Amino acid sequence: MTTIQGPAVFLAQFIGDEAPFNSLDGICKWASDIGFKGIQMPTLDPRFIDLQKAAESKTYADELAGTVASYGMQITELSTHLQGQLVAVHPAYDNMFDAFAPANVHGNPKARQEWAVQQLKYAAEASHNLGLNAMATFSGSLLWQYFHPWPQRPEGLVEEGFAELAKRWMPILNEFDKYGVDVCYEIHPGEDLFDGETYEMFLKAVNNHQRACILYDPSHFVLQQLDYIQYIDFYHERIKAFHVKDAEFNPTGKQGTFGGYQSWANRAGRYRSPGDGQVDFKTIFSKLAQYDYKGWAVMEWECCLKNQEDGAREGAELIRNNIIKVTDKAFDDFASVKTNQALNRKNLGL
């Protein structure tokens with residue numbers, strides 16, 4: 001068993017235009033001061049990282065890691081969630097997802113996808129240069145708008161969708177394999193990988209690629225009413241990253257898992273700051289320790305009610321309080337009996 005590393009924080013929801021959230025030094029000092037030991041780094045903001053440069057220059061990568069280390073922290077994983085989303089986009093979402101890409105590829109889905117794939121490949125080499133063994137991302141989606149089977153789906157539609165998704169991801173997975181880095185898909189509504197069944201369909205389509213791994217985030221499973229504890233039992237060998245994010249599900253006579261087009265604050269299922277929702281983190285941390293999870297516990301703040309800085313401070317404490325320093329001996333060793341084969345056979349009446 002391994003003691004989980006942490007606490008760490010995903011920076012995406014904290015980066016902004018005001019100090020201390022507008023520079024790497026500022027955000028690292030803020031995170032360190034409230035007790036974080038690591039940061040999960042988004043890769044689209046040049047104020048924090050030049051992804052291509054981190055891929056092409058080991059010196060730059062070392063300097064970047066050195067800046068973070070100067071605040072007593074380390075980079076836990078790079079995040080390419082937005083680029084991963086653009087690997088597979090159904091035309092229905094083209095206009096909305098264009099915002100994730102540079103202006104020169106807007107309105108050009110083929111160029112946008114090529115840009116995203118290159119970004120992922122940069123992330124593979126950059127992760128290697130930074131000494132990381134996992135990277136967080138989204139799968140993208142060609143099928144999400146068909147998740148509810150009405151109108152009736154044409155036979156073979158889902159299989160064709162997953163075959164195409166696998167075709168797009170295989171070269172990326174192979175690039176990550178070259179550098180010894182796991183691709184950790186956040187299993188998330190809006191992606192084609194949104195639960196266990198869809199993850200298994202993708203895994204089959206990529207021939208069980210060893211780098212096709214999971215970023216485990218229980219909050220998305222609360223909103224789907226999926227057993228997020230048993231999920232760990234099923235997929236622990238593939239869980240290589242972990243978001244500590246909370247959620248609650250409070251159905252009414254008017255709405256349930258689909259949300260009825262309500263705002264986040266008014267949905268039956270909504271994300272909450274860590275500790276304010278219904279997620280059983282104590283059992284999750286116990287399960288991950290039991291299954292020898294070697295990665296980080298990374299707080300992700302998404303809450304429709306609480307201020308993000310309060311959420312971050314409380315989240316760091318929640319992670320510290322739930323990390324289990326694993327034991328190196330059995331609790332009943334005091335009553336152990338020295339034995340040998342002859343004694344064992346005698347005890348068996350042989």
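Biologist: Arginine 112 and aspartate 94: buried or exposed?

Modeller: Both arginine 112 and aspartate 94 are buried in this predicted model. That label means each has under 20% relative accessible area.

Biologist: What makes arginine 112 and aspartate 94 a salt bridge?

Modeller: Their closest N and O atoms are 2.6 Å apart, and the cut-off is 4 Å, so the pair qualifies. Arginine 112 sits in helix α6 (residues 109–129) and aspartate 94 in helix α5 (residues 94–97), so the bridge ties together parts that are 18 residues apart in sequence.

Biologist: Phenylalanine 97 is in helix α5 too. Why is phenylalanine 97 called buried or exposed, whichever it is?

Modeller: Phenylalanine 97 has 17% relative accessibility, and anything under 20% goes down as buried, so buried it is. Leaving out residues up to four places away in sequence, phenylalanine 97 touches Gln85, Leu86, Val89 and Arg112. As for proline 109, which is 12 residues further along the chain, its C-alpha lies 9.8 Å from that of phenylalanine 97.

Biologist: How do you know that lysine 58 and aspartate 62 meet in a salt bridge?

Modeller: N to O, their side chains come to 2.6 Å, which is within 4 Å, so that one passes. Both belong to helix α3 (residues 58–69), 4 residues apart, or about one turn of the helix. An α-helix has 3.6 residues a turn, so residues three or four places apart point the same way.

Biologist: What are lysine 58 and aspartate 62 called in terms of exposure?

Modeller: Lysine 58 is at 40% relative accessibility, and aspartate 62 has a relative accessible area of 40%. Buried needs under 20% and exposed needs over 50%, so a value in between is partly exposed. Lysine 58 is therefore partly exposed, and aspartate 62 is partly exposed as well.

Biologist: What about arginine 272 and aspartate 276, with N and O atoms 4.0 Å apart: why is that called a salt bridge?

Modeller: The closest N and O atoms are 4.0 Å apart, and the rule asks for within 4 Å, so the pair is counted. Arginine 272 has a relative accessible area of 11%, which makes it buried, whereas aspartate 276, at 27%, is partly exposed. The two also belong to a network of salt bridges that links Glu248, Arg270, Arg272, Asp276, Lys306 and Glu314. The count for the model comes to 21 salt bridges.

Biologist: How do you know which face of α8 its buried residues line?

Modeller: The buried ones in α8 (residues 196–205) are Gly196, Thr198, Tyr199, Phe202 and Leu203. Looking down the axis of α8, they fall within an arc of 165°, so they line one face of the helix. Their packing partners are α7 (157–179), β5 (182–186), β6 (212–216) and α10 (228–235). Glu197 and Lys204, on the other side of α8, are exposed.

Biologist: What makes aspartate 195 a cap for α8?

Modeller: A side-chain oxygen of aspartate 195 lies 3.3 Å from the backbone nitrogen of glutamate 197, at the N-terminal end of α8. A polar contact needs the pair within 3.5 Å, so the distance fits. Just after α8, asparagine 207 takes a positive phi of about 60°.

Biologist: Which residues lie nearest the centre of the second largest pocket?

Modeller: Those are Gln5, Asn133, Lys240, Lys294 and Gly295, out of 22 lining residues. β3 (74–80) and β7 (239–244) are the elements giving two or more residues to that lining, and β3 gives the most, with 4. The pocket's volume is about 430 Å³.

How values were computed: Residues numbered from 1 in each chain as written. Predicted model: local features only at pLDDT ≥ 70, side-chain atom pairs only at ≥ 80, totals over all residues. Heavy atoms only, no water. Buried < 20%, exposed > 50% of the residue type's maximum accessible area, 1.4 Å probe, protein only. Arc of directions from axis to C-beta. Contact = heavy atoms within 4.5 Å. Polar contact = N/O pair within 3.5 Å; in protein donor to acceptor, adjacent residues only side chain to side chain. 1 Å grid on protein atoms, 1.4 Å probe; cavity = no way out; pocket = protein on both sides within 12 Å on 5 of 7 lines; lining within 4 Å. Points joined across faces, edges and corners; volume = space filled by probe spheres on them.
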